Amino acid sequence: MPRFSANLGFLWQGLPLLDQIEAAAKAGFRAIEMHWPYDTDPKAVRAACERLGLAMLGVNTVRGDTAKGENGLGALPGRQAEFQAAIDQAIAWQVAAGGTAIHAMAGIVKPADKPEATGVWTENLSLAADKAARHGLTILLEPLNPRASPGYFYSTLRGAGEMIARVGKPNVKIMFDVHHVGIAEGDVLTNLDAWWPMIGHVQIAAVPSRAEPDEGEIDFRAIFARLDAKGYGGWVGAEYRPRGDMEAGLAWVKKLGVSL
């Protein structure tokens with residue numbers, strides 16, 4: 001069965017990041033990933049991971065001005081310098097923390113601006129990939145479903161795949177989030193097969209609720225079986241919003257017949 005990573009963007013909310021890391025290890029996770037951890041000393045994160053035997057995986061680039069509804073900077077015309085600063089920030093943090101990947105966030109783009117934004121994103125992503133490659137880091141692209149993030153640059157795997165093809169960098173991969181794929185496209189197993197060569201990381205949460213993966217439309221046992229059949233050696237990020245008590249919600253592990 002796959003190995004699972006605790007996404008601390010959602011799990012154990014309300015605790016300081018270093019306490020979240022402790023909680024993840026205590027629960028049995030052997031890897032962690034995050035959203036925007038930049039207010040925490042990355043060296044302290046590395047030390048905690050080393051002490052607890054945890055692998056440090058991915059982080060996101062900053063979203064921009066969230067008060068204005070921004071959700072990433074990479075495809076926004078006129079914001080290239082800000083995006084490159086965001087990539088530099090993420091790389092420096094990950095190098096210090098011992099991480100492996102960066103989710104580069106494209107941002108929300110109006111349909112009329114899509115042609116220009118595509119050129120901007122291609123150039124930004126190419127530069128970001130080269131910078132990340134110098135440190136052995138992977139750049140991940142994640143389609144966000146239009147219900148969660150209306151107007152995001154891509155909501156489908158094809159949109160992310162086309163960008164990867166345009167850039168042509170071996171360290172740029174798809175973040176296959178079953179929750180987003182299930183809502184935006186459905187046919188999750190077929191899509192997993194179709195985009196397999198480009199997939200660099202997998203995340204899970206119930207469809208449509210985004211709660212623990214033991215409810216909703218997707219039988220995650222089938223997802224895990226397909227990953228096993230393909231010989232997937234990476235991690236599966238538990239990126240769900242707990243229904244209630246965090247610890248009680250971990251009953252999904254036993255229900256689905258897996259182990260952290």
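**Cavity, sheet and helix H5**

Biologist: How many cavities of 30 Å³ or more does the count come to?
Modeller: This is a predicted model: local features need pLDDT of at least 70, side-chain atom pairs 80 or more, while totals for chains, interfaces and linings use all residues. Residues are numbered from 1 along each chain as its sequence is written, and side-chain values use heavy atoms, without hydrogens or water. With cavities (1 Å grid points, protein atoms alone, where a 1.4 Å probe fits but can't get out; points joined across faces, edges and corners, volume filled by probe spheres), the count is one.

Biologist: Which residues line the largest cavity?
Modeller: Its space is about 30 Å³. Taking residues with an atom within 4 Å of a point, the lining is Pro143, Ser155, Leu157, Asp177, His180, Val181 and Glu185.

Biologist: Which strands stand at the edges of the sheet?
Modeller: Nine strands (DSSP E runs, at least two residues) pair (at least two bridges) in parallel, in the order S3-S2-S1-S9-S8-S7-S6-S5-S4, and the sheet is open. Two of them have a single partner each, so one side of each lacks a neighbour in the sheet: S3 (55-56) and S4 (58-60).

Biologist: What is the bridge partner of Ile102 in S6?
Modeller: S5 (101-103) and S6 run parallel, joined over three bridges. Within S6, Ile102 is matched with Ile139.

Biologist: Which residues of helix H5 are buried?
Modeller: H5 (a DSSP H or I run, at least four residues) spans 157-167, and Gly168 follows with a positive phi near 65°. Its cover (heavy atoms within 4.5 Å) includes H4, S6, S7, H6 and H7. Buried (under 20% relative accessible area, 1.4 Å probe, protein chains only) are Leu157, Gly159, Ala160, Gly161, Met163, Ile164 and Val167.

How values were computed
Buried means under 20% relative accessible area, exposed over 50%, partly exposed in between (1.4 Å probe, protein chains only). On a 1 Å grid over the protein atoms alone, a cavity is a set of points where a 1.4 Å probe fits but cannot get out, and a pocket is an open set with protein on both sides within 12 Å along at least five of seven lines; lining residues have an atom within 4 Å of a point.
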